[in-house]
Amino acid sequence: MAIALNYAARSDVGLGRSNNQDSGYAGPHLLVIADGMGGHAGGDVASSLAVGELSVLDGESHGSDDAAQHLHTALDAANGQLRRRVEDEPDLSGMGTTVTAILRAGSRLVLAHIGDSRGYLLREGQLTQLTKDHSYVQSLIDEGRISPEEAERHPQRSVIMRVLTGRDDDEADVSVREAKPGDRYLLCSDGLSGVVSHETLTETLAAGMDPDATCQRLVELALRGGGPDNISCIVADVVELGGGPPPSTTPQVVGAAAFHRPRRSSAAGTPAARAAALRARQEDSGDDSEDDDQPPLTERERRRRRRRWIAGPVLLVLLLVAGGFGGWRWSQQQYFVGVDGKTVAVYQGLTQDIGPLSTSHVLESTDISVSDLPTYWSTRVEARISARDLAGAHDTVQNLEDLAAACRAATTPTPTTAPASVPTTAPTTAPTSSPSATPSASPTQTLTPEDCGGAG
């Protein structure tokens, strides 16, 4: 049985970034998502280099026996490119990129993964995450210190432990699986998976839309959720050849890789390079270019083209303003409990700022001193505790007030008084509660002066 991939790719800068550091490539034999890091110093360069090196694998069919080795070799080449680029341009030091790639070899798919971009498989209505994030919070999950639900809102959820940076120890995970007609694969950066829930991903992928419409819908959902990061995704269906019109074999290049041309790359002449070069030529030519063999434009045609040039930027500005206003309205429906000076306060807005731009403000102040809280909860408040709504934030404040009172009692020298007890939450040494959860009212736990290290 001969199979093929019917694919589509999309990438969007998002609402919280000024440039796109994601890169994506989708072709008949290869799918790649790369999420660059290094800020303006080179995240886009890193992801583009990785996609440029891997794209050489899309030129021909591969045997299932050597496909994994081909991926390893291409990733090593990408790593070497990163190292040499930093040597040539020290300003790019610190750049790196995640890579999640699928290489088709007959009826088998080889999956390579490093970083926290993700690969998913939708089979018979069930969505399975195929990759494991190489992140700090994933290590906490593996150690049993937090649950997957807690990891979704952990303050350090964006800390990545392993990516391609040019070092020799940057090793990717590689696995092989059998492809079945009807399977649908999703590769995406954390700008999608970190915003859109697993349940919503499942519903959207199973909605029956073609890959292109599905990609568009996924990007829209991430933008609706605030779009704090670049958003990139590839959706690919495994189809049986002969059952209908053959799928397209034209590569799709999105994100930073569509605009960066690799230097001294072994990817020269590949479908990815040709696609990027074609796009560049189209952009360089412009709409106003007049071919020597074409008759000169009339004045009416010139005016019409000038109007199009003026209308385009105006429309873009209007769309950006509308998108920004929608994101701001959504942010004002979020609440969290944090620190205002030395006391606890309720904030309205997002828990994370966007660069130098503050996305929240103090809504309500309290008299609860952070130094009166148990050590664990003082740390939690400083890291900001998300709430479902304003009522949830009030519940958190009330429980923190109880905790502060118990700590003051526990640290007050009273020889005849036993250590104070208070209805509290998670253990003060090895918490298992979600960063967004409020201190619960049961069971009763005794607080000691050691627990209240910050009190006094």
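Student: At what angle do helix 6 and helix 7 pack, and how far apart are their axes?

Tutor: An angle between two helices compares the directions in which they run. In this predicted model, helix 6 (residues 198-205) and helix 7 (residues 211-224) pack at an angle of about 155°, and their axes are 10 Å apart. Helix 6 is therefore roughly antiparallel to helix 7, since angles over 145 degrees count as roughly antiparallel.

Student: Is the crossing of helix 6 and helix 7 left-handed or right-handed, and which residues meet there?

Tutor: The two helices cross in the right-handed sense. From helix 6, Thr200, Leu201, Thr204 and Leu205 take part, and they meet Thr214, Arg217, Leu218 and Leu221 of helix 7. Sorted by class, the contact of helix 6 with helix 7 holds four nonpolar residues, three polar residues and one charged residue.

Student: How should I read the pair formed by helix 1 and helix 2?

Tutor: One may take the same steps in turn: distance, angle, handedness and residues. The axes of helix 1 (residues 43-54) and helix 2 (residues 67-88) come within 8 Å of each other and cross at roughly 145°. The crossing of helix 1 past helix 2 is right-handed. On the side of helix 1, the residues in contact are Val45, Ala46, Leu49, Ala50, Glu53 and Leu54; on the side of helix 2, they are Leu71, Ala74, Leu75, Ala77, Ala78, Gln81, Leu82 and Arg85. By class, the contact of helix 1 with helix 2 has eleven nonpolar, one polar and two charged residues.

Student: Turning to strands, which strand does strand 13 join, and by how many bridges?

Tutor: For paired strands, one asks about direction and partners. Strand 13 (residues 335-340) is joined to strand 14 by six bridges, and the two run antiparallel. Within this pairing, Gly338 has Ala345 of strand 14 as its bridge partner. Strand 13 and strand 14 form a hairpin with two residues between them, and Gly341 in the turn has a positive phi of about 75°.

Student: What lies on the other pairing of strand 14, with strand 15?

Tutor: Strand 14 also pairs with strand 15 (residues 360-369), in the antiparallel sense and over six bridges. Here Val346 stands opposite Glu364 in strand 15.

Student: Why is strand 14 described as largely enclosed?

Tutor: One counts its buried residues. Six of the seven residues of strand 14 (residues 343-349) are buried, so strand 14 is largely enclosed by the rest of the structure.

Student: What should I notice about the phi of Glu124?

Tutor: Most residues other than glycine have a negative phi. Glu124, although not a glycine, has a positive phi of about 55°. Glu124 is found in the loop between strand 7 (118-123) and strand 8 (126-129). With a relative accessibility of 78%, Glu124 counts as exposed, because the cut-off for that term is over 50%.

Student: Where is Arg384 placed, and what is its phi?

Tutor: Arg384 belongs to the loop between helix 10 (375-383) and strand 16. Arg384 is not a glycine, yet its phi is positive, about 80°. Its relative accessibility is 26%, so Arg384 counts as partly exposed.

Student: Is Ser386 buried or exposed?

Tutor: Ser386 lies in strand 16 (residues 385-387). Its relative accessible area is 18%, so Ser386 is buried, the limit being under 20%. One may also look for partners distant in sequence: Gln334 is 52 residues from Ser386 along the chain, and their C-alpha atoms are separated by 8.2 Å.

How values were computed. Residues are numbered from 1 along each chain as its sequence is written. This is a predicted model: local features need pLDDT of at least 70, side-chain atom pairs count only at pLDDT 80 or more; totals for chains, interfaces and linings use all residues. Side-chain values use heavy atoms; hydrogens and water are left out. Axes are lines fitted to C-alpha atoms, for helices over the stretch in contact, and angles run from 0 to 180 degrees between N-to-C directions. Helices (H or I, at least four residues) and strands (E, at least two) are DSSP runs, numbered from the N terminus. Angles under 35 degrees count as roughly parallel, over 145 as roughly antiparallel, 65 to 115 as roughly perpendicular and the rest as oblique. A crossing is left-handed if the near helix is turned anticlockwise from the far one by less than a right angle, and right-handed if clockwise. Contact means heavy atoms within 4.5 Å. Ala, Val, Leu, Ile, Met, Phe, Trp, Tyr, Cys and Pro count as nonpolar, Asp, Glu, Lys and Arg as charged, and the others, Gly among them, as polar. Buried means under 20% relative accessible area, exposed over 50%, partly exposed in between (1.4 Å probe, protein chains only). Two strands pair if DSSP finds at least two bridges between them.
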